[in-house]
Amino acid sequence: MKGLFKLLFFLALVAGVLAGMSYVGARARVGTMLGSNPPLGNRSIRFEFEGVSNLPGQPRAWVFTFGSSILPGVSNVRIVVSPTGKILSFQPPDLDIRLEQWEESKLPAELR
């Protein structure tokens with residue numbers, strides 16, 4: 001019985017470490033995409049255990065939702081990241097272009 005408890009504790013510890021590493025990797029990936037000072041606020045993060053329904057195959061993934069934005073024409077942003085850190089989708093579909101334009105707009109005119 002003591003050995004079974006140790007095994008279960010070890011398995012729970014390993015699962016916790018893997019989940020934590022997945023979370024940190026997903027946050028780092030989104031942070032890399034958004035930059036150091038993103039124009040987004042009101043972030044919520046959740047893991048979809050039952051899968052993301054609007055993606056092919058309904059993969060399990062981290063879903064980052066931002067409820068406010070100072071990007072022109074963007075009110076909400078949703079970024080879906082796999083447990084291994086791959087960006088599966090983002091909305092709006094041209095978010096990467098809008099982020100680049102926003103970053104460039106912060107530069108002085110002579111550097112653009």
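Select D94 first: at 28% relative accessibility, this residue counts as partly exposed. Add R98 to the selection, and the two side chains are seen to meet in a salt bridge, with 3.0 Å from N to O. R98 is likewise classed as partly exposed, its relative accessible area being 24%. Keep in mind throughout that this is a predicted model.

How many salt bridges does a search of the whole structure find? The total is 2. To see the other contact, select R46 and E48, whose side chains meet at 2.5 Å, N to O. R46 is partly exposed, because its relative accessibility of 38% falls between the limits of 20% and 50%.

**Colour by confidence**

Switch to colouring by pLDDT. The protein chain has a mean of 90, and 96% of its residues reach 70 or more. Where is confidence lowest, and where is it highest? The low end is helix α2, residues 95–105, with a mean of 86; the high end is β3, at 95.

**The sheet**

Now show the strands as a cartoon. There are 4 of them in an open sheet, ordered β1-β2-β3-β4, with antiparallel pairing. The edges are taken by β1 (40–48) and β4 (87–91); each has a single partner strand, so one side of each lacks a neighbour in the sheet. On average, neighbouring strands are turned by 15° against each other, direction ignored.

Select residues 61–69 and 77–81 next. These are β2 and β3, antiparallel strands joined by 5 bridges. Within this pairing, F66 has V77 of β3 as its bridge partner.

Bring in residues 2–34, which make up helix α1. The helix packs on the sheet and touches β1, β2, β3 and β4. Its direction makes about 40° with that of β2.

Move along to β3 and β4, which pair in the antiparallel sense over 4 bridges. Select I79 and look across to β4: the residue standing opposite is F90. The hairpin of these two strands has 5 residues between them, and there G85 takes a positive phi near 100°.

**Centre on F66**

Return to F66, a residue of strand β2. Is F66 buried or exposed? With a relative accessible area of 5%, F66 is buried, since the limit for that class is under 20%. Leaving out residues up to four places away in sequence, F66 touches V30, L34, L40, G41, N42, R43, S75, N76, V77 and I79. V77 in that list is also the bridge partner of F66 in β3. For a distance to check in the viewer, pick the C-alpha atoms of F66 and P39: they are 9.9 Å apart in space, while the residues are 27 apart in sequence.

**The aromatic groups**

Display the aromatic side chains. The count of aromatic pairs comes to 3. Select F47 and F49, an edge-to-face pair with 4.8 Å centre to centre and 70° between the planes. F47 is partly exposed at 22% relative accessibility, whereas F49 is exposed, with a relative accessible area of 62%.

Keep F47 and add W62. These two also form an edge-to-face pair, at 4.9 Å centre to centre and 70° between the planes. Which parts of the chain does the pair link? F47 lies in strand β1 and W62 in strand β2, 15 residues apart, and the pair thus joins distant parts of the chain. W62 counts as buried, at 13% relative accessibility.

Widen the selection to Y23, F47, F49 and W62, which together form one aromatic cluster.

**Last stop: S22**

Finish on S22 in helix α1. S22 is buried, with a relative accessible area of 13%. What does S22 touch, not counting residues up to four places away in sequence? Its contacts are W62 and P83. With W62 still selected, recall that this residue belongs to strand β2 and to the aromatic cluster.

Definitions and conventions
Residues are numbered from 1 along each chain as its sequence is written. This is a predicted model: local features need pLDDT of at least 70, side-chain atom pairs count only at pLDDT 80 or more; totals for chains, interfaces and linings use all residues. Side-chain values use heavy atoms; hydrogens and water are left out. A salt bridge is a side-chain nitrogen of Lys or Arg within 4 Å of a carboxyl oxygen of Asp or Glu. Buried means under 20% relative accessible area, exposed over 50%, partly exposed in between (1.4 Å probe, protein chains only). Two strands pair if DSSP finds at least two bridges between them. Axes are lines fitted to C-alpha atoms, for helices over the stretch in contact, and angles run from 0 to 180 degrees between N-to-C directions. Contact means heavy atoms within 4.5 Å. Rings of Phe, Tyr and Trp (its six-membered ring) pair if their centres lie within 6.5 Å; planes under 30 degrees apart count as stacked, over 60 as edge-to-face and the rest as tilted. pLDDT is the predictor's confidence in each residue, from 0 to 100.
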